[in-house]
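Reader: Hey, I've just been handed this one and haven't looked at it before. Can you walk me through it?

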Amino acid sequence: MAAVAELGLRVDCTAVLDGDPAVWTATLWRDDDPVPSGLGLGKGDSAAARVGAIFEALEHHLSGLRGLAGGGTTLRPASEIAGDATLRRDVALGLLGELPDGPVGCLPFRVVTSGAEVGVPLFLSVPDYLDEGADPLRESLGDHYDYAGVSRYSCNNGWAAGTDPVEAAVHALNETIERDALSLLLIDQFLGRRRSPLVLIDPGTLPDDLAALMSAAQTILGRRPHLIDMTTDLGVPAILAYLPAPDGEPARVRGCGASLSRHYAIARAVSELVQVHLASSLGDVHSAFAAMTPVRHDWTAPYPALHACYLSDFSTRLGGATLVPYRDTDAPGTAAGHFGALVDALSRRGLTPLRRDHYVTGNLAVVNVFVPGLERFMLVTDGQVVVPGERGMAVKNNGVRREPGTEGDRR
């Protein structure tokens, strides 16, 4: 609330579902007008969901184009970006080397392990930068690049808000790891030469609080979700809470979570599943939901393998899945401990996190994290025609997803 007040704003919070799990919405206002992109959804128990909704509304409002015209933006040739050994590990930035050269608008990020500054293209994590409404901004920056060849890879990946930059960066890193895990799961199951069995967590082995959450979710959803363990070689527990969709429809009602704490990853995934279910069912009658669940076009239809990824139908694989018992994992007791452990997990796999502290005050931090080499193939579930990067191609060609009970189970 202090962060809202220091911006001269007010916030309205509404409980869509209040309990455990809970879902709240938050809408930011300046006087009598809603502020641009000032909408947020929160999940978890009642208090966490309300706070989460406010933080997400602040993140959505403050990220993106806000403040970019005030300086800090630079221009880098596309060929230079594509030639950067670190940046080109991202599939979209690698593609710049196959497109016409020209200046690309960038923002400064810092390598978390060395502090070195690196210019990262704006389009990668600020989709609004590619909209017509941003034409005057791009013109003022001198950015006349034609992004048509890479725009499908643009998404708000790695943005997060918190009470300080470290806490926000933990949320952001977990999001990028979660999306990489979902990407690799899709590639393994629908593109891979040697598909691995799905790994399901046995719901009968869950601790009491997670079992109660699953029971509550089943009551709300009308069906019991499946907990797919999609943990990768990074060793950070990542969970997909999955519900089969009607035949021929994409499984967009899903929940994902990643955390050094497997307990928390499961709780996040199940709570998000409930949140997305309510968002999809209440979008027509609740303005906040309606604004946050836009209709998407499916561009994958002409490509059967990509279309299978878009549909994400794991239902036929459930019968042959490997059922594993729930096992808790050790997790640090502080945000700084989480951040250090996540950076170490990435570094062990040769992945270098970059971080930009976009907006920081004594009450709020909005941070963007970028990890070149982590997958963004999950955009296929939005109907985008995208291809895997280097990690995804390794899974597609070699089948290297982690087997259950091996590396990555932090005890």
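Author: Sure, let's talk about the cavities and then about one residue. Keep in mind that this is a predicted model.

Reader: Okay, how many cavities of 30 Å³ or more are there?

Author: The count comes to four cavities of 30 Å³ or more. The largest cavity has a volume of about 120 Å³.

Reader: Which residues are closest to the centre of that largest cavity?

Author: Its lining has 16 residues, and the closest to the centre are Asn-157, Val-369, Phe-370, Val-371 and Arg-376.

Reader: And which elements give two or more residues to that lining?

Author: Those are β6 (117–121) and β14 (365–370). The most comes from β14, which gives three residues.

Reader: How does the lining divide into nonpolar, polar and charged?

Author: For the largest cavity, nine lining residues are nonpolar, four are polar and three are charged.

Reader: New topic: Glu-117. Where is it found?

Author: Glu-117 is in strand β6.

Reader: Is Glu-117 buried or exposed?

Author: Glu-117 counts as exposed because its relative accessible area is 53%, and exposed means over 50%.

Reader: What does Glu-117 touch?

Author: Leaving out residues up to four places away in sequence, Glu-117 touches Pro-108, Phe-109 and Arg-110. With Arg-110 there is a polar contact between the two side chains, at 3.3 Å.

Reader: And what separates Glu-117 from Ala-341?

Author: Along the chain, Glu-117 and Ala-341 are 224 residues apart, and their C-alpha atoms are separated by 22 Å.

How values were computed. Residues numbered from 1 in each chain as written. Predicted model: local features only at pLDDT ≥ 70, side-chain atom pairs only at ≥ 80, totals over all residues. Heavy atoms only, no water. 1 Å grid on protein atoms, 1.4 Å probe; cavity = no way out; pocket = protein on both sides within 12 Å on 5 of 7 lines; lining within 4 Å. Points joined across faces, edges and corners; volume = space filled by probe spheres on them. Helix = DSSP H or I, 4+ residues; strand = E, 2+ residues; numbered from the N terminus. Nonpolar A, V, L, I, M, F, W, Y, C, P; charged D, E, K, R; others polar. Buried < 20%, exposed > 50% of the residue type's maximum accessible area, 1.4 Å probe, protein only. Contact = heavy atoms within 4.5 Å. Polar contact = N/O pair within 3.5 Å; in protein donor to acceptor, adjacent residues only side chain to side chain.
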